[in-house]
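Student: Could we go through this structure together? I would like to learn how the labels people use are decided.

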Amino acid sequence: MAQQTPRTELDARYGEPRATATEWGRAVTLLTEAELFWLTTVRPEGRPHVTPLLAVWSDGALYFSTGARERKARNLAQNPEVVLTTGTNALHGGCDLVVEGRAVRVTDDARLTALATAWEEKYGADWHFDVRDGAFAGERGNVAYVFEVAPRTAFGFGKAPYSQTRWEFG
């Protein structure tokens with residue numbers, strides 16, 4: 001996927017007078033370096049479901065994995081719209097990020113192999129995956145589907161100074 005340059009907008013209603021918009025390049029750095037994300041999906045009956053997970057940023061999108069029978073995968077089968085969040089739990093400092101988009105399953109073995117390498121480079125040997133039948137395969141026989149989320153809209157919530165940046169994509 002090609003990296004998109006989003007339209008960037010500072011929403012002055014939610015920030016301090018000296019706030020400026022966060023550059024998308026800074027957000028990409030934070031997404032790349034973040035170790036933990038929170039994924040929000042919607043259950044078939046409409047209730048939200050939130051769970052922590054690992055994700056990697058690659059080629060303009062976030063990627064995460066989940067077992068085929070996990071709640072996340074079952075929710076995505078009914079509704080692929082998701083929100084991924086990451087940031088800090090500090091009140092004064094850092095930047096929280098929210099990425100909205102559609103989760104699309106990745107089944108191409110070459111792409112999955114590159115993503116498996118990215119997972120291991122980021123999270124270490126404990127997160128080694130082989131690729132088999134369009135999915136990640138763990139050493140204990142576990143199978144995980146991989147999903148791509150290209151940002152449609154993203155938000156950055158700066159906390160020193162307080163600010164809210166909105167990024168709109170294509």
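Student: What makes the contact of glutamate 168 and arginine 166 a salt bridge?

Tutor: A salt bridge is a side-chain nitrogen of Lys or Arg within 4 Å of a carboxyl oxygen of Asp or Glu. In this predicted model, the side chains of glutamate 168 and arginine 166 meet at 2.5 Å, N to O, so the pair fits that rule. The model is predicted, so local features need pLDDT of at least 70, side-chain atom pairs count only at pLDDT 80 or more, and totals for chains, interfaces and linings use all residues. Residues are numbered from 1 along each chain as its sequence is written, and side-chain values use heavy atoms, with hydrogens and water left out.

Student: How many salt bridges does that rule give?

Tutor: The count comes to 10. There is also a network of salt bridges that links Glu81, Arg102 and Arg152.

Student: Why is arginine 166 called partly exposed?

Tutor: Buried means under 20% relative accessible area, exposed over 50%, and partly exposed in between (1.4 Å probe, protein chains only). Arginine 166 has 31% relative accessibility, so it counts as partly exposed.

Student: And aspartate 11 and arginine 13: which label does each one get?

Tutor: Their side chains meet in a salt bridge at 2.6 Å, N to O. Aspartate 11 counts as buried because its relative accessibility is 14%. Arginine 13, with a relative accessible area of 64%, is exposed.

Student: What about glutamate 9 and arginine 7?

Tutor: Those two side chains form a salt bridge as well, at 3.2 Å, N to O. Glutamate 9 has 35% relative accessibility, so it is partly exposed. Arginine 7 is at 48%, so it is partly exposed too.

Student: Why is strand β12 said to be largely enclosed by the rest of the structure?

Tutor: Strands (E, at least two residues) are DSSP runs, numbered from the N terminus. Strand β12 covers residues 162-168, and five of its seven residues are buried, so the label fits.

Student: How do you know that β1 and β12 are paired?

Tutor: Two strands pair if DSSP finds at least two bridges between them. Four bridges join β1 (residues 7-10) to β12, and the two run antiparallel. Threonine 8, for instance, stands opposite tryptophan 167 in β12.

Student: What joins β11 to β12?

Tutor: Seven bridges join β11 (residues 153-159) to β12, again antiparallel. Threonine 153 has glutamate 168 as its bridge partner in β12. A hairpin also joins β11 to β12, through two residues.
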